[in-house]
Amino acid sequence: QVQLVESGGGLVQAGGSLRLSCAASGRTFSPNAMGWFRQAPGKEREFVARINWSSGTTYYADSVEGRFSISVDNAKNTVYLQMNSLKPEDTAVYYCASRGMFNTVFNDWGQGTQVTVSS
């Protein structure tokens, strides 16, 4: 069982910054990747960013490329999402997810943290 706990969400003005954290725990925690996803009201959940656990290779959605940065502290089992130049359209619930070592899909999810960007 893997537990993922997000923190760092909140209300920020357009152009501002936030850093989300996701702390992972659990006896079976051994990911090959960690990711961030988001879901805005009335919309489907969408991919934001992903980082490969061992190599540190990162991938981003086009909508956040150049503004968001995903990183990981392997020693702390924590993944971060630094969000800069925030826009009102970034408003959503942000979810952290992990992909198990032999999985091809993200199979463990956090409870989500709200990010609201005011114009």
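**A disulfide and the sheet around it**

In this predicted model, Cys-22 and Cys-96 are joined in a disulfide, with 2.1 Å between their sulfur atoms. A disulfide, put simply, is a covalent bond that links the sulfur atoms of two cysteines. Searching the whole structure turns up 1 disulfide. Cys-22 sits in strand E3 and Cys-96 in strand E9 (residues 92–100), so the pair ties together parts that lie 74 residues apart in sequence. The link of Cys-22 and Cys-96 is left-handed, with -75° about the S-S bond. And are these two cysteines buried or exposed? Both Cys-22 and Cys-96 turn out to be buried.

Strand E3, the home of Cys-22, also belongs to a sheet. This is an open sheet of 4 strands in the order E1-E3-E8-E7, and the pairing is antiparallel. At its edges are strand E1 (3–7) and E7, each of which pairs on one side only. Going from strand to neighbouring strand in this sheet, the average turn is 15°, direction ignored. As a general point, side chains in a regular strand alternate between the two faces of the sheet.

Now for the pairings, one by one. E1 and E3 are antiparallel partners over 5 bridges, and here Gln-3 has Ser-25 in E3 as its bridge partner. On to the next pair: strand E3 (residues 18–25) and E8 are matched over 6 bridges, again in the antiparallel sense. One spot to look for is Ser-21, which stands opposite Tyr-80 in E8. Finally, strand E7 (residues 68–73) and E8 run antiparallel and are joined by 6 bridges; Phe-68 has Met-83 in E8 as its bridge partner.

How many of the 6 residues of strand E8 are buried? For E8 (residues 78–83) the count is 5 of the 6, so this strand is largely enclosed by the rest of the structure. To follow that step, it helps to know that a residue counts as buried when its relative accessible area is under 20%.

The loops on either side of E8 hold a couple of backbone details. E7 and E8 form a hairpin with 4 residues between the strands, and Asn-77 in it takes a positive phi near 50°. Asn-77 does this although it is not a glycine. With a relative accessible area of 27%, Asn-77 is partly exposed. Ser-85, found in the loop between E8 and E9, has a positive phi of about 50° too, although it is not a glycine. Ser-85 is partly exposed as well, at a relative accessible area of 41%.

Zooming out, what does the whole protein contain? There are 11 strands and 0 helices. The radius of gyration is 14 Å, close to the 14 Å that the globule rule gives for 119 residues, so the protein is as compact as a globular protein of that length. Its C-alpha atoms fill a box of roughly 40 × 25 × 25 Å along the principal axes. Of the 119 residues, 46% are buried. Among contacts with a separation of 6 or more, 54% come from residues 24 or more positions apart. As for the surface, the protein exposes about 6,200 Å², and 47% of that is supplied by carbon and sulfur atoms.

Methods: Residues numbered from 1 in each chain as written. Predicted model: local features only at pLDDT ≥ 70, side-chain atom pairs only at ≥ 80, totals over all residues. Heavy atoms only, no water. Buried < 20%, exposed > 50% of the residue type's maximum accessible area, 1.4 Å probe, protein only. Helix = DSSP H or I, 4+ residues; strand = E, 2+ residues; numbered from the N terminus. Pairing = 2+ DSSP bridges. Disulfide = S-S within 2.5 Å. Axes fitted to C-alpha atoms, helices over the stretch in contact; angles between N-to-C directions. Rg over C-alpha atoms; globule rule 2.2 N^0.38 Å. Contact = heavy atoms within 4.5 Å. Areas by Shrake-Rupley, 256 points an atom, 1.4 Å probe, with all protein chains shown as cover.
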